[in-house]
Amino acid sequence: MSQMYKLTAILAVVVCALDQFTKWLILEVVMQPVQTFEITGFFNIVLAFNRGVSFGLFGNDAAIMPYILSAVAAVIVVALLVWLREQDQKANALAVGLVVGGAIGNVIDRLRIGMVVDFLDFHLAGWHWPAFNVADTAIFLGVAVLMFASLFGGVSEGKR
């Protein structure tokens, strides 16, 4: 296994484990009973379930939907890992590790309970962003790193 894949795999495992641990903590400890914890004037801990993807898109109650969304996530994970074979920048390995770990964390939720557990709730001046979780944060950061690396990381020669 190349150094790039080792870095990606380690980060993906850490992200997935942290995501699953925080979701377990929210479901089994913090939200017993279910309530809202006001942490600051702009941040709460809540319990929310997302049957869809980002912002609840494709979030219908069809029994097959968790499997369809999990399959789409699996295809994206495989595509990223294949793409990573041709890359030589550590930023790409880090980014893919974040995205893969987050995607797997959310897939575990979909297959285990049929929806994704969300609990981080940010709001400002009456505007609430949809609640999210550690996996969503990792995916966002991974995509941001990929975009930053592609814009400012220089031209990569790729592997030969």
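Helix axes that cross at an angle over 145 degrees count as roughly antiparallel. That cut-off comes up twice in this predicted model, starting with helices H2 and H3. H2 covers residues 65-84 and H3 covers residues 90-113, and their axes come within 10 Å and cross at roughly 160°. H2 and H3 are therefore roughly antiparallel to each other. As for handedness, H2 passes H3 in a left-handed crossing. On the H2 side, the contact is made by Pro 66, Tyr 67, Leu 69, Ser 70, Ala 73, Val 77, Leu 80, Leu 81, Trp 83 and Leu 84. H3 answers with Asn 92, Ala 93, Val 96, Val 99, Val 100, Ala 103, Val 107, Arg 110 and Leu 111. Sorted by class, the residues of this H2 and H3 contact come out as 16 nonpolar, two polar and one charged.

Stepping back to the whole chain, there are four helices and four strands. They follow one another along the sequence in the pattern α-β-β-α-α-β-β-α. The chain has 160 residues, and 38% of them are buried. If one takes the contacts between residues at least 6 apart in sequence, 67% join residues at least 24 apart. The chain exposes about 9,600 Å², and carbon and sulfur atoms supply 72% of that area.

The other antiparallel pair brings together helix H1 (residues 3-30) and helix H4 (residues 134-152), with axes that come within 8 Å and cross at roughly 150°. H1 and H4 are therefore roughly antiparallel to each other as well. From H1, Val 15, Leu 18, Asp 19, Thr 22 and Lys 23 take part in the contact, and from H4, Val 134, Ala 135 and Ala 138. That gives five nonpolar, one polar and two charged residues.

H1 also packs against H3. The axes of H1 and H3 come within 7 Å and cross at roughly 35°, and H1 passes H3 in a right-handed crossing. The residues of this contact split into 14 nonpolar, seven polar and five charged.

A few individual residues are worth a look, beginning with Asn 106 in helix H3. With a relative accessible area of 6%, Asn 106 falls under the 20% cut-off and so is buried. Setting aside residues up to four places away in sequence, Asn 106 touches Asp 19, Lys 23, Val 116, Asn 133, Ala 135, Asp 136 and Ile 139. Two of these partners, Asp 19 and Lys 23, also belong to the H1 side of the contact with H4, and Ala 135 sits on the H4 side of that contact. Between Asn 106 and Ala 135 there are 6.4 Å from C-alpha to C-alpha, with a separation of 29 residues in sequence.

Ile 26, in helix H1, is likewise buried, with a relative accessible area of 5%. Leaving out neighbours within four places in sequence, the contacts of Ile 26 are Met 31, Ile 45, Val 46, Leu 47 and Phe 119. For Ile 26 and Ile 45, which are 19 residues apart along the chain, the C-alpha atoms are separated by 8.8 Å.

Phe 37 belongs to strand S1. Its relative accessible area is 29%, so Phe 37 counts as partly exposed. Apart from neighbours within four places in sequence, Phe 37 is in contact with Val 30, Met 31, Phe 43, Asn 44 and Ile 45. Met 31 and Ile 45 turn up among the contacts of Ile 26 too. Phe 37 and Asp 121 lie 84 residues apart in sequence, and their C-alpha atoms are 9.8 Å apart in space.

Two spots in the backbone also stand out for their geometry. Gln 32 and Pro 33 are joined by a cis peptide bond, with omega at about 5°. Pro 33 is found in the loop between H1 and strand S1 (37-38). Ala 125, for its part, has a positive phi near 50° despite being a residue other than glycine. Ala 125 is placed in the loop between strand S3 (116-124) and strand S4 (127-128). The relative accessibility of Ala 125 is 74%, over the 50% cut-off, so this residue counts as exposed.

Definitions and conventions: Residues numbered from 1 in each chain as written. Predicted model: local features only at pLDDT ≥ 70, side-chain atom pairs only at ≥ 80, totals over all residues. Heavy atoms only, no water. Helix = DSSP H or I, 4+ residues; strand = E, 2+ residues; numbered from the N terminus. Buried < 20%, exposed > 50% of the residue type's maximum accessible area, 1.4 Å probe, protein only. Contact = heavy atoms within 4.5 Å. Areas by Shrake-Rupley, 256 points an atom, 1.4 Å probe, with all protein chains shown as cover. Axes fitted to C-alpha atoms, helices over the stretch in contact; angles between N-to-C directions. Parallel < 35°, antiparallel > 145°, perpendicular 65-115°, else oblique. Nonpolar A, V, L, I, M, F, W, Y, C, P; charged D, E, K, R; others polar. Left-handed = near helix turned anticlockwise from the far one by under 90°.
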